[in-house]
Amino acid sequence: MASVPFTKGLHALGSGHFAYLQPSGTWGYSNAGLVVDGDQSLLVDTLFDERLTAEMLDTMHAATRVAAGDITQLVNTHANGDHTFGNRLVTNARIIASEAGAHEMAHDAPPEALAALMTQAKEMGEIGTYFRAIFGPFDFAGVKLRLPDETFSGEKTLKVGDKSVQLIEVGPAHTAGDTLVYVPADKVLYSGDILFIEGTPIMWSGPVRNWIAACDRMLAMDIDVIVPGHGPVTDKDGVRAMRSYLAYVEEQTRKRHAAGMDSWEAAQDIALAEFGAWEDPERIAVTVDTIYRELNADESPRDVVALFGRMSELCQRYTPQRMCAHEHH
């Protein structure tokens, strides 16, 4: 694979494929993809707010002459706002998502809730400071989420001009409804947040075995180029690294669960090993908690604010230079 620089903006991958990248890939700075063939085009995901999405669509138009109103299809790989909150700007596209992803989009963390949270954050102590550090760069005020027009379960094939595009549901894993977008003829895959490259994944849904199976599935496919949900463009080496992290955290978590530790004790106790250099290492707190919930068959409502509190605490421990819970000056 020819190396694609990890710089902000649109990168041509050849054969009508483009990656829109947002370094460093940390919280909220996601990637998107564009597939163009003839007069048809498919966008893979939008960005975390409408300002960033408008900038992306303008950049795509300048480079490809495909305007926002010309995009015929939009696939949301999953429900998270950093992949969906700009949907409304893609005015004429048919929006497609997995049924589970669309359900989660309609019920979880709407933009209005994030806007309210950012208003309240100043009164929330260290957790609030962490929220402001990770979500402060984005403008949720006025974002109105446009939900999918069409859903599917399992697999679905779309056409973009003469290209066949396969949608492959691999969730629940990162979220309830994760989808891969694969163009077999060009050996290009858009993974959504099934891949974080040089960044620590966060598993909100699980089970972890589903995510590992999704990695195995990608490794078995004929792929040269992968546009991840966050981080630089990659290939199967990036999949192997993600699989290694998930397998390691699962093994270490099971050991501590068997030893009688609770999920927070386990998250603090697991050594990050070779994964410690990845961005946002504190996300292990959520992934460990998700694995514990699976092991305990715990389906009770989650205290998401408390989980962000754990991440804030680990962030200060692992990467204090990130000002995780200290005011920015």
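A residue counts as buried here when its relative accessible area is under 20%. With that cut-off in hand, take W278 in this predicted model: its relative accessible area is 14%, so W278 is buried. You'll find W278 in the loop between α7 and α8. What does W278 touch, leaving aside its neighbours within four places in sequence? Its contacts are E198, G199, T200 and P201 on one stretch of numbering, and A241, M242 and Y245 on another. If you'd like a sense of distance, K8 sits 270 residues away from W278 in sequence, and the two C-alphas are 19 Å apart in space.

Follow the chain on from that loop and you get to helix α8, which covers residues 284–295. From its first C-alpha to its last, α8 reaches 16 Å, close to the 16 Å expected for its 12 residues. Is this helix enclosed or open? Of the 12 residues, 10 are buried, so α8 is largely enclosed by the rest of the structure. The buried ones are I284, A285, V286, T287, V288, D289, T290, I291, Y292 and R293. As for what does the covering, α5 (208–220), α6 (236–258), α7 (263–269) and α9 are among the elements packed over those buried residues. Once α8 is done, A297 follows, with a positive phi near 50 degrees.

Now for the nonpolar interior. The largest nonpolar core takes in 78 residues, and L43, F135, W211 and M218 have the most contacts inside it. W211 is a good place to stop and look around: not counting residues up to four places away in sequence, W211 touches A173, H174, D193, I194, F196, P201, I202, M203, M242 and L246. Two of those names, P201 and M242, should ring a bell, since W278 is in contact with P201 and M242 as well. There's also a second, separate core of 21 residues, and V4, V165, V227 and V233 are included in it.

Next, the empty space. The largest pocket has a volume of about 850 Å³, and 32 residues line it. Which of them lie nearest the pocket's centre? Those are N80, A109, W204, V304 and F308. Elements giving two or more residues to the lining are α2 (99–107), α3 (111–120), α4 (125–135), β11 (188–196) and α9 (304–318). Notice α9 turning up here, having already appeared among the elements that cover α8. By class, the lining has 19 nonpolar, 7 polar and 6 charged residues.

Last, a few backbone oddities. Most residues other than glycine have a negative phi, and most peptide bonds are trans. Two peptide bonds to check are cis. One joins P23 and S24, with omega about 5 degrees, and S24 lies in the loop between β2 (17–21) and β3 (32–37). The other runs from G171 to P172, with omega near 0 degrees; P172 is in the loop between β9 (163–169) and β10 (179–183).

On the phi side, D45 isn't a glycine, yet its phi is positive at about 75 degrees. D45 belongs to the loop between β4 (40–44) and α1 (50–64), and at 2% relative accessibility it counts as buried. K187 isn't a glycine either, and has a positive phi of about 60 degrees. K187 is placed in the loop between β10 and β11 and, at 29% relative accessibility, counts as partly exposed.

Note on methods. Residues are numbered from 1 along each chain as its sequence is written. This is a predicted model: local features need pLDDT of at least 70, side-chain atom pairs count only at pLDDT 80 or more; totals for chains, interfaces and linings use all residues. Side-chain values use heavy atoms; hydrogens and water are left out. On a 1 Å grid over the protein atoms alone, a cavity is a set of points where a 1.4 Å probe fits but cannot get out, and a pocket is an open set with protein on both sides within 12 Å along at least five of seven lines; lining residues have an atom within 4 Å of a point. Grid points are joined across faces, edges and corners, and a volume is the space filled by probe spheres set on the points. Helices (H or I, at least four residues) and strands (E, at least two) are DSSP runs, numbered from the N terminus. Ala, Val, Leu, Ile, Met, Phe, Trp, Tyr, Cys and Pro count as nonpolar, Asp, Glu, Lys and Arg as charged, and the others, Gly among them, as polar. A nonpolar core is a set of buried Ala, Val, Leu, Ile, Met, Phe, Trp, Tyr and Cys residues joined through side-chain atoms within 4.5 Å. Buried means under 20% relative accessible area, exposed over 50%, partly exposed in between (1.4 Å probe, protein chains only). Contact means heavy atoms within 4.5 Å. The expected span of a helix is 1.5 Å times one less than its number of residues.
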